[in-house]
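Q: Please take a close look at one place where two helices meet, and explain it for someone who has not seen this structure before.

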Amino acid sequence: MSEEYRKPLPNIDDTSRPYWEAARRHELVLQKCRDCGHYRYPAGATCPHCLSDKLEWVRVSGLGTIYTWTVFHQVYHPAFAQDAPYAVVAVELDEGPRMASNLVDCKIEDIQVGMPVEVVFDDVTAEITLPKFRPRTS
Amino acid sequence: MTLKDKCAIVGLGYTPQGKVPGRNAMSFYLEASKNALSDAGLNIRDIDGILVQPCLTDPRVTAFGLAEEMGLDLRFGADQQLHGASSCAIIQHAAMAVDAGLCDYCLCAFAEVSRSASPPAGIVYQMAGGTNAAYGMFGVAASYAMIARRYMHEYGVTSRQFGAVAVTFRKHASLNPIAQMREPITIEDHQNSRWVVEPFHLLDCCLISDGGRALIVTSAERARNLKQPPVYIMGMGQGHPFNDPLKRQILTVSGAAESGKTAFSMAGISPKDVDMCAIYDAFSFVVPMQLEDLGFCGKGEGGAFVEEGRIALGGELPTNTSGGLLSEVYIQGWVGTHEAVRQLRGDCDERQVPGAEIALVTSSGGVLSTHTTVILRK
């Protein structure tokens, strides 16, 4: 599978590694500040709310809503040519942070701001799993 | 204490612009600088300060490198990279340095060689955002598109209203002999132009260009004895939201809100006193958004404001009379500074705003991440 996968893979460093290890286990985790409770994404060394360095990785709900989105017609990377037009969404997680991702099981014309979504996990290679989202029906 | 009216812009330098192959960035910086000196009636040895916005596609040019090519020792110099917001920021720092006595004549310069750059500018402007690239999120345009979609959702602004901006500025460009795109367009042309990243049609996006610009800032007192009518710097301000738009609490208010408030406060005027605007128009929708944030209309009213002809020549607030980044040329924030100064000098021929006395200029960089404003008067 990894031989065929030609799309860019995430840049993983010591700071973000726990996020990707959790994704591989099909868990969505975020850094939470032990001092003020702020959740941050993407990963970093300190809390942008209070500058505490006491951050812990916690599992989060995986629930959120679509904050905004865009549809790519222009192909910037050859591995996405077969997907175009394709949507990239900004999901606002219930815990606060927003992240760029893709929707599965949803047509482009059905995407709406405010749409409730839940995380799903796409094992794109043997090592890398991308958290993606699908519409919540309930 | 205030810097209001203490300094002036006294020289403007242009170069050939648009598609100008076979030249490096330094040649544009030098040609623009030479032309600014000639425009001001100054000698090269008068320059004792240089501020440079580094060129993204050829970052080798620095203030001190430029000074060396001009054979100049400097009393003051720096490179300032606020990306698109550099022009108005550099004018602010030049005025501060002149007022503080750190230099007498500050040369400010920039060049863009992204149209003919090798490797192509695409590598810079299509930059992939780390992890986001795994999801197919590439380029500056897509990040702006995320903001535009949210703006449409929150305030009901429409693609046709974005189109009105593109059509208006193209009409202005048709009156500008040095504009890159001079063929008039209609709303239908806008709507029928290909999608780039929704909600952007091709005609919502700025040009890609080559060209250089320079200008000279000195004290109001010195300015009165020079060749050109001085254009005084009345007010200035900055406002910088988070670099990553997805981290911003509110996506649909730009740095223009803070930047404009500070500038209006220093100038001691309000939006109704402004005769014309030069708004940083990397994408069409940022024009109504910034006009709202600057207080020219209420929040959410920008779409209707730009649709009703107010920002066209002959309207109540002629904006981007050169054609702007959408239709004149993409030399970042220096397109607006130069056009505003020329309007206040009364030097714009067919596209002159009659009786223009006060102009507001914005520049904005990143993904609406940096924002600077200057207010100028004749």
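A: What follows describes a single helix contact, with some background on the model around it.

The structure is a predicted model, and it scores ipTM 0.96 and pTM 0.96. The contact lies in chain B, where the pLDDT averages 95 and 97% of the residues score at least 70.

The two partners are helix H9 of chain B, residues 256–267, and helix H10 of chain B, residues 286–294, whose axes come within 8 Å of each other and cross at roughly 45 degrees. Because of that angle, H9(B) counts as oblique to H10(B), and the crossing by which H9(B) passes H10(B) is right-handed. On the side of H9(B), the contact is made by Ala256(B), Ala257(B) and Gly260(B), while H10(B) contributes Gln290(B), Asp293(B) and Leu294(B). Sorted by character, the residues of this contact between H9(B) and H10(B) comprise three nonpolar, two polar and one charged.

For the setting, chain A may be described as well. Its secondary structure consists of one helix and eight strands, and, read from the N terminus, the elements of chain A follow the order α-β-β-β-β-β-β-β-β. The radius of gyration of chain A is 16 Å, close to the 14 Å that the globule rule gives for 138 residues, so chain A is as compact as a globular protein of that length. Along its principal axes, the C-alpha trace of chain A spans about 45 × 35 × 25 Å.

Note on methods: Residues numbered from 1 in each chain as written. Chains lettered and ligands numbered in written order. Predicted model: local features only at pLDDT ≥ 70, side-chain atom pairs only at ≥ 80, totals over all residues. Axes fitted to C-alpha atoms, helices over the stretch in contact; angles between N-to-C directions. Helix = DSSP H or I, 4+ residues; strand = E, 2+ residues; numbered from the N terminus. Parallel < 35°, antiparallel > 145°, perpendicular 65-115°, else oblique. Left-handed = near helix turned anticlockwise from the far one by under 90°. Contact = placed C-beta atoms within 7 Å. Nonpolar A, V, L, I, M, F, W, Y, C, P; charged D, E, K, R; others polar. pLDDT = per-residue confidence, 0-100. Rg over C-alpha atoms; globule rule 2.2 N^0.38 Å.
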